Amino acid sequence: MLDIKYLRSHLEDAATQLRKKYYELDIERFKALDNERKQAGVDSQNLLAERKKTSNKIGQLIKDGMAVDEAKKTVAESLEKIDEQHNVLKEQAREAQESIDEFMLEIPNIPDESVPEGKDESANREVLRWGEPRIFDYDVLDHVDLGLQKNEMDFDLASKLTGSRFVVMRGQIAAMHRALIQFMLDTHIEEHGYQEIYVPYMVNRDSLYGTGQLPKFEEDLFKLEGEQNYYLIPTAEVPVTNIARDLIVGNAGRGLDQLPLKFVCHTPCFRSEAGSYGRDTRGMIRQHQFEKVELVHMVQPDQSEQHLEELVGHAETILQKLELPYRKVVLCGGDLGFSACKTYDLEVWLPGQNAYREISSCSNFGDYQARRMKARYRDNESAKPAYLHTLNGSGLAIGRTLVAVMESYQNADRSITVPKVLQPYMRGIERIND
RNA sequence: GGUGGGGUGACUGAGUGGUUGAAAGUACCGGUCUUGAAAACCGGCGAGGGUUUACCCCCUCCCAGGGUUCGAAUCCCUGCCCCACCGCCA
């Protein structure tokens with residue numbers, strides 16, 4: 001959520017900046033809603049103040065020795081009148097507040113100055129290319145055909161068990177999939193200083209409002225039946241970031257003593273993929289369920305820019321250790337997510353598609369999520385609570401990493417070499433699909 | 001599922017109808033002392049919103065939502081969550 005005070009004083013400016021995201025801020029509507037809220041609020045408050053004074057008078061009179069009934073009588077009439085008016089105004093104020101709250105929740109975050117202009121992914125700016133896509137002197141298979149060699153990757157079976165966009169993996173493919181998770185976790189914990197954390201895979205609505213999935217993107221989520229209104233998490237970002245919801249970080253007893261906080265968390269992710277019919281229907285690229293190792297930072301506002309660079313660097317380390325060629329792009333305004341102010345995507349080279357495909361998305365959210373979820377820290381200078389900044393990124397998406405490894409490390413005999421760094425996680429096996 | 005006990009400020013924890021946004025301690029901030037630090041002592045210190053250049057002032061908030069009352073952190077109802085014990089399941 002944006003700062004309403006900022007919006008009031010920089011309306012035009014905000015509207016201009018939001019246009020970069022192809023969001024048209026309704027200035028007139030905002031002004032109208034804000035005025036309404038202000039007027040109704042002030043009126044209702046003034047009446048309340050009057051009421052309080054009147055009511056306290058009774059207490060004073062009783063203390064001074066007047067009989068209770070008599071004291072009541074002295075103000076009964078005026079109280080009744082006040083109540084009558086107040087009931088109306090209170091309702092007005094409540095409605096006005098609600099309207100502007102709803103309005104505010106649907107305004108996306110303002111993009112960072114460094115975000116390039118542009119409507120869609122074609123305008124994303126490449127900032128780095130790492131590694132050389134391997135040249136093959138034979139026909140490459142994509143991961144689906146490679147997985148088929150020993151029936152260790154089975155989409156038809158998954159479709160029988162559940163439906164489309166799921167996979168069943170067995171044997172060495174499943175082992176490599178699991179090895180990737182362990183490898184990434186260990187790297188981030190041991191080399192990048194992350195705290196490992198395990199969280200629920202279902203969350204309530206408050207959490208989804210906090211990180212910005214709700215109210216606008218409900219259709220992307222799997223909702224559970226039942227009284228609780230629980231949803232399957234679309235990413236670990238939701239439970240992990242919401243750890244700080246309604247908190248002033250710095251309290252003792254929850255292990256959240258000081259910033260920055262850096263969490264690494266492996267979870268499955270569940271996405272309905274509504275609106276992606278026909279896209280990536282083949283293979284493991286776009287599934288309803290996939291594993292991800294997620295990195296989450298919570299930092300002081302003045303450090304978030306630097307932390308974004310650090311975070312994306314941690315994700316890159318994984319690709320480099322796996323020796324997978326990738327490129328790094330800055331998303332343009334139009335491609336930027338709802339809550340983000342700046343995002344780097346890492347795109348890994350997939351020989352089976354002859355293209356770079358997204359494998360990690362690392363974003364700085366500024367105080368946008370923090371304001372929505374009231375996640376604060378105590379500022380040393382002012383000793384006042386202030387909104388912290390949140391960041392997160394995939395480090396990495398497991399399914400897509402498996403795809404990249406299989407395709408890039410394939411051999412002419414259809415076997416797949418196990419990357420050096422993964423071998424310790426696979427009992428030293430050097431080759432699968434043999 | 002059953003029974004009982006709870007949810008108060010960053011934390012611990014008092015407070016059962018009257019000007020209490022809330023004792024005390026801890027933490028934090030400022031100061032005295034000190035070569036420096038610690039300790040000790042003194043002072044300050046909840047959050048959000050409105051108005052204001054600012055100060056002042058006003059409103060809201062003691063889990064949430066209703067209710068009783070002139071007046072509620074305090075009484076009543078409902079819900080959520082936590083703790084303990086029992087049962088059941090894993």
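Which residue in the turn of the hairpin formed by strand 11 and strand 12 has a positive phi? That residue is Asn354, with a phi of about 55 degrees, and the hairpin has 4 residues between its two strands.

## The overall picture

This is a predicted model. Chain A comes to 12 helices and 17 strands, and its C-alpha trace spans about 100 × 45 × 40 Å along the principal axes. Of its 434 residues, 38% are buried.

Two domains divide the chain: domain 1 covers 26–105 and domain 2 covers 121–432. Their centres, taken over C-alpha atoms, sit 50 Å apart. Take the contacts with a separation of 6 or more, and 73% of them join residues 24 or more positions apart.

## Strand 11 and its partners

Strand 11 runs over residues 342–350, and 9 of the 9 are buried, so the rest of the structure largely encloses it. Both faces are covered: Leu346 and Val348 are among the buried residues on one side, while Asp345 and Trp349 are among those on the other.

The strand has antiparallel pairings with strand 10 (residues 326–330), over 5 bridges, and with strand 12 (residues 355–364), over 9 bridges. Asp345 shows up in both: Val329 stands opposite it, and so does Ser361 in strand 12.

## The nonpolar core

Nonpolar side chains tend to be buried together in soluble globular proteins. Here the largest nonpolar core has 89 residues, and Val348 of strand 11 is listed with Met176, Leu180, Ala315, Leu388 and Leu402 as having the most contacts inside it.

Leaving aside neighbours within four places in sequence, Leu388 touches base with residues including Ala244, Val249, Leu259, Met298 and Tyr377, all in contact with it.

Conventions:
Residues numbered from 1 in each chain as written. Chains lettered and ligands numbered in written order. Predicted model: local features only at pLDDT ≥ 70, side-chain atom pairs only at ≥ 80, totals over all residues. Core = buried A, V, L, I, M, F, W, Y, C linked by C-beta atoms within 7 Å. Buried ≥ 20, exposed ≤ 12 C-beta atoms within 10 Å, placed from the backbone. Contact = placed C-beta atoms within 7 Å. Domains from an automatic or database assignment. Pairing = 2+ DSSP bridges.
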